[in-house]
Structures are given as C-alpha cells and as structure tokens.
Amino acid sequence: MTERAPHQSAAPLAATNPPRAVASATPAPHERPPSAVEVHALTKTYPGGVEAVRGIDFDVEVGEVFGLLGPNGAGKSTTIGMLTTTIRPSSGTARLAGHDVASAPLIARSLSSVVFQEAVVDVGLSGRANLQLHARLWGVGVAVGERRIADLSDGLGLGELLDRPVATYSGGQRRRLEIARALISRPRVLFLDEPTVGLDPLIRHELLDVIADVRRREEMTILLTTHYLEEAERLCDRVAIMHEGEIVALDTPARLLAGLGSEIVEFRVDGDAPAALMRLRSLGLANDDAFAIGARLTIPLRERAAADTIAAIAAADIAPSNLATRTPSLDDVYLRLTGTRIAA
Ligand SMILES: Nc1ncnc2c1ncn2[C@@H]1O[C@H](COP(=O)(O)OP(=O)(O)O)[C@@H](O)[C@H]1O
Ligand SMILES: [Mg+2]
C-alpha cells in the first residue's frame, strides 16, 4: 500500500464532523478571505531519501484553474497527496481555504475532493450505486443526493450509463464517473491528478471539455496535474512547471509563452552546437533567449523576419539541417529551463 491509502476511509470521518467544524473555523468577515490553496516551502522526502518535493510555493485563488505541469517523477502526485492530507509533508505548510492540512486535516479534507490516477469507484456496482454510496459517505441527505446525481449525470454526460455496472464502462466513461463521484460532496477545491492519462486523444478532448464545463457550472477551484502541454494551455488560468520536485516557472500560459516571442526557428547542427550558437549571437541572429540542447538549436525570432533569418543562418557556415519554424510551446519553456523535454 502507498501512503495514499487512508484517503478512501477519509470521507466518513469528515462526514461525522461536518459543516459546524468548518463554520467555526471560518475566518471572521472583516478578514480577507484566504486563497483556496496556499503552499509555502512545502517539502516531501520519502523514507529512503527520495526528495520528491523540494520546497515549493504557490497560491491558488478561489475559482482559479491551476495546473501543475511536469514529466513523470516531477513530484506532482506527491504534492496533491499532501494537499489532500494523504501524504504527510516533511516540512513547510499547505492550507486549504485557510485550514492547515497538518493541524486541521479533517476540515481541510472536508473542503476538497480528489480524482486520483488510480480508479476508486467500485466496478461491481452501477454508476448510480457508486454515486449514492459516496453521497452517503459524505453525509449528503438522500433527496439532495438524488438531485446532485441527476445534475451531475447531465453535466458529465452519464445519462443512460448510470444504471450499468461500471465494469462495462470505457476508460473515458469511468473517468467521468470518477469526476461525478468527486463532485457529490460539493467540494470547494477539486484536485484532478492526470485526469486524461491513458485515454485516447478523442476521449481526452471530450474530457477536457467536461472539465472546463464543470468549472463554469460549479464555480469551484480546480487544481490539476498533467504532463500534457496542450491540456495545461487549454484549461489552466495559471501553470506551475515542475521539475525534480521544484517549481521552475509559474505564470499564465500566455505569459510563459510570450517569454519566447511569437515564432521560433529550430534546426540541428553537425558539429559543436554551443559554438554554432555563439556564432549566431555574434552575427546578431540569436539573443540570450536562444538555447542549444544536444545538437539542436532553438532560436526565438523576436522582431526578426523569418525568411531573412533563415537565409542568414544558412549563410552562416554552421551547416544547419532539419530547419523549421513554429510557434513556441510550453515544452520550449520547460526545455529552456531544464534542458529536457516534458513530452517525448
Ligand atoms: N511512496 C513513495 N515512496 C518512495 N518514493 C516515492 C513514493 N511515491 C513517489 N515516489 C518518488 O517521488 C518522486 C515523485 O513522484 P510523484 O510525486 O509520483 O511524481 P509525478 O506525479 O510528477 O509523476 C519520484 O521519484 C517517485 O519515484
Ligand atoms: Mg503522478
């Protein structure tokens, strides 16, 4: 069992200690309402010494969709685990709506829901029975629960699936049920850990629409992790790019991309790539924002015209090959900061 296991038994605890506890700990009206999520100097070192999260800071505002973007092993799931009280932080603090996950875990837990990478719905039951079960676990009254199940099944397109055993669902259908399950308790913060991983591209796109729609309808704060660049770009108001347990960049996708201008030119060289880059810089064809990784050079064009620059590069005696221009992606932002790619 991983350190995550206790979460499945978490709902009943929260439900036996319900809204009163939340209300009594809610800040006085004159205070500025806390951010939905506040993370400060948070670290996690697993037994054995793996430093999975190495001092991260970020806030997520109420109503924001915030993405943790990074490759496998970056520390995304560990971060979600700490925010959902299933993984104990080694140091630092994390708060949900002002409630510390370490000192007030039951309250913090009662405010959020999480869809993990692994499924938690019971495949032997129907979708409806799963939702009813979770409504009960969270202390949602029967009538209210039935209304929410009807709403959620509309919103998430579960309709006629609802009375079939979950074992007959496709991957995408099961993921939608997982999200409905997480929304039954009306969380203030929804955590989605790699919500579309393992789904085929068409279903992934559908699910992204579903998530965008949930955000519009439920007005909740969403924190999701992903290693898909376009997912972060499409869904998130802001993105924190994670690399080896640290946040290496944090901003809106537009501002992260704007750092590389509107177009880049990319090519390979045969010989010494750093030397080729220096030569292009000395010719005024590249700035400090250009970078070389292996044999590949990536050069933001900035205000230079593409055709002129390409002609000048071709004439610069560095033997470029596979030359192409394209718009920058978050992968370029990551590549520039870390020297590796998020996506293969
Ligand atoms: N229970 C655990 N015990 C030891 N190491 C772990 C455990 N869970 C994750 N790790 C390690 O912590 C690092 C971050 O993992 P994780 O948070 O799952 O990253 P991500 O979700 O970004 O892929 C990885 O090196 C992983 O192998
Ligand atoms: Mg993960």
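In this predicted model, helix H3 is a good place to start, with buried residues Lys-76, Ser-77, Thr-78, Thr-79, Ile-80, Gly-81, Met-82 and Leu-83. A residue counts as buried when 20 or more other C-beta atoms lie within 10 Å of its own. Eight of the eight residues of H3 are buried, so the rest of the structure largely encloses this helix. After H3 comes Thr-85, a residue with a positive phi, near 65°.

The same helix leads on to the ligand. H3, which covers residues 76-83, gives the most to the shell around ligand 1, supplying three residues. That shell holds 14 residues, of which Tyr-46, Ala-52, Lys-76, Ser-77 and Thr-78 come nearest to the ligand. Lys-76, Ser-77 and Thr-78 are thus named twice here, among the buried residues of H3 and among the nearest residues around ligand 1. Sorted by class, the surroundings of ligand 1 comprise eight polar, four nonpolar and two charged residues.

Next come the strands. Strand S1 (residues 37-45) runs antiparallel to strand S4 (residues 91-96), and five bridges join the pair. Within this pairing, His-40 is found opposite Thr-93 in S4. S4 also pairs with strand S5 (residues 99-100), again in the antiparallel sense, here over two bridges. Leu-96 faces His-99 of S5 across that pairing. S4 and S5 together make a hairpin that has two residues between its strands. One residue of the turn, Ala-97, has a positive phi of about 45°. S4 therefore pairs with S1 and with S5, given that strands count as paired when DSSP finds at least two bridges between them.

For the overall picture, the protein is divided into domain 1, covering residues 5-255, and domain 2, covering residues 261-327. Taken over C-alpha atoms, the centres of the two domains are 42 Å apart. The C-alpha trace of the protein spans about 75 × 45 × 45 Å along its principal axes. In secondary structure, the protein has 13 helices and 14 strands. Of its 344 residues, 40% are buried. Contacts that reach along the chain are well represented: among those between residues at least 6 apart in sequence, 73% join residues at least 24 apart.

Conventions. Residues numbered from 1 in each chain as written. Chains lettered and ligands numbered in written order. Predicted model: local features only at pLDDT ≥ 70, side-chain atom pairs only at ≥ 80, totals over all residues. Domains from an automatic or database assignment. Helix = DSSP H or I, 4+ residues; strand = E, 2+ residues; numbered from the N terminus. Buried ≥ 20, exposed ≤ 12 C-beta atoms within 10 Å, placed from the backbone. Contact = placed C-beta atoms within 7 Å. Near = placed C-beta within 6 Å. Nonpolar A, V, L, I, M, F, W, Y, C, P; charged D, E, K, R; others polar.
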